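Morning, everyone. I'll put the structure up, then walk through it piece by piece.

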Amino acid sequence: MTLAEAVSGPSLLAGRSVTVQVPATTANLGPGFDTLGLALSYYDRLDVSVREEPGVFVDVQGVGAGVVPTDETNLVVQAIAHTFAAYGQRMPGLALVAHNKIPHGRGMGSSGAAIVSGIMAAKGLLEGIVDIDSEALLTLATEMEGHPDNVAPALFGGLTIAWTTPEGPRHKKLMVHRGVKPLVFVPEQAMSTALARSLQPETVPHEDAVFNLSRSALLIAALIQSPELLLAATEDKLHQSYRAAAMPETNRLITLLREHGFAAVVSGAGPSILVLASDPGQRLVAAELVAANSETPWQALMLAVDFQGATVTRTDAVVAA
């Protein structure tokens, strides 16, 4: 079934509307390449209502307004359509209002958030008709994103370990030590995730693989129990050095931050920088260091770990009550 066919025809969901909230995420966290992800208290919100008329109407507000597609090629719309099709349901006409805050192309999981927004919207609209459990949510999101490291924390919150099996993607959610305080430095320029991935070699030295295995294990301990180990635990030899030439100021500032004792890494595919601080005061010092030494503007986002993940609320039910 094509998307054009899917949005045509009568809807059995007339009058339904939902609101979805999805957190930004940061993946890799240094050594945990394509495996570890963390949900952050910075959110995109999506309002979706069923329309009597066929077709899709999209209003993008905030980040991406005037740039993000507002037709059926919109990633959120594609995620809704993907979910409806997966369960053999005909998608009704829809009106979407996307309130975007997560920066695009900065390594904060914007594409994963868009995919999760659409899937969660579909879940809410199909409430009482189709039951979509957490395993199915992760499978649907991974099918579209290609890997689960960003969509897992976006869906479930907290610190997630994600992996794939022959039966599909899986995840484990962990609670983060209350002393861990994320700080994200966001530059003005974007970075293509595809470009960042293209810089990765197909093979890496055995000693580098062992190095990252040890640091990834240590990082879990540091994040859930011993934040004082974060600097050593965020060392990496698998991906950041290969991508450094594509984002020289990111690399320079990370080197500077780490020389001053801050657990700084590339956030996702970059070019944003994630600092995992062990107290709020440490974040202020890190922000001052970057402000005094950066060559271009960087926005400092002092965030918390989001422990809830994506949420969906039936707003038509609220109004009716």
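Start with a hairpin: β5 runs into β6 through two residues. Keep in mind that this is a predicted model.

How many bridges join β5 to β6? Seven, and the two strands run antiparallel. Here is one pair to look for: W163 has R170 in β6 as its bridge partner. Remember R170. We come back to that residue.

β5 covers residues 159-165, and β6 covers 168-174. β5 also pairs with β2, residues 36-51. That pairing is antiparallel too, with three bridges. One of them puts L36 opposite I161 in β5.

Let me step back to the whole chain. We have 12 helices and 11 strands. The C-alpha trace spans about 60 × 40 × 40 Å along its principal axes. Is the radius of gyration what a compact globule would have, or not what it would have? For 321 residues, a compact globule would be near 20 Å, and the chain has 20 Å, so the two agree. Buried residues make up 51% of the 321. Now take the contacts with a separation of 6 or more. Of those, 75% are between residues 24 or more positions apart.

Here is a single example of residues apart in sequence. Q78 and I119 are separated by 41 residues in sequence, and their C-alpha atoms are 9.2 Å apart. Q78 sits in helix α2. Its relative accessible area is 31%, so Q78 counts as partly exposed.

Next, the open sheet. It has four strands in the order β8-β9-β7-β10, and the pairing is antiparallel. Which strands stand at the edges? Those are β8, residues 264-266, and β10, residues 298-302. Each has a single partner strand, so one side of each has no neighbour in the sheet. Neighbouring strands here are turned against each other by 25 degrees on average, ignoring direction.

Look at one pairing within that sheet. β7, residues 181-187, meets β10 over five bridges, in the antiparallel sense. V186 has Q299 in β10 as its bridge partner.

Two helices go with this sheet. Helix α10, residues 248-259, lies across β7, β8, β9 and β10. It runs at about 160 degrees to β8. Helix α11, residues 280-293, packs on the sheet as well, touching β7, β9 and β10. The direction of α11 makes about 20 degrees with that of β7.

Now helix α4, residues 134-145. Does its span agree with the expected one, or disagree? At 1.5 Å a residue, 12 residues should span 16 Å, and the end C-alpha atoms are 16 Å apart, so it agrees.

Which residues of α4 are buried? They are A136, L137, L138, L140, A141, T142 and E145. As background, an α-helix has 3.6 residues a turn, so residues three or four places apart point the same way. What covers the buried residues of α4? The cover includes helices α2, α3 and α5, together with strand β6. Right after α4 comes G146, with a positive phi near 100 degrees.

That brings us to charges. Side chains of opposite charge can pair when their charged atoms come close. How many salt bridges does a search of the whole structure find? Eight. I'll show three of them.

First up is R170, as promised. R170 forms a salt bridge with E135, with the closest N and O atoms 3.9 Å apart. This pair links distant parts of the chain: R170 is in strand β6 and E135 is in helix α4, 35 residues apart. E135 is partly exposed, at 43% relative accessible area.

Next is R45 with D47. Their closest N and O atoms are 3.5 Å apart. R45 has 36% relative accessibility, so it counts as partly exposed.

Last, R314 with D316. Here N to O is 2.7 Å. Are these two residues buried or exposed? D316 and R314 are both buried. They also belong to a salt-bridge network that links E127, R314 and D316.

To wrap up, go back to R170. In β6, R170 is the bridge partner of W163, and its side chain forms the salt bridge with E135. Thanks. Questions?

Technical notes
Residues numbered from 1 in each chain as written. Predicted model: local features only at pLDDT ≥ 70, side-chain atom pairs only at ≥ 80, totals over all residues. Heavy atoms only, no water. Pairing = 2+ DSSP bridges. Axes fitted to C-alpha atoms, helices over the stretch in contact; angles between N-to-C directions. Contact = heavy atoms within 4.5 Å. Expected span 1.5 Å × (residues − 1). Buried < 20%, exposed > 50% of the residue type's maximum accessible area, 1.4 Å probe, protein only. Salt bridge = Lys/Arg side-chain N within 4 Å of Asp/Glu carboxyl O. Rg over C-alpha atoms; globule rule 2.2 N^0.38 Å.
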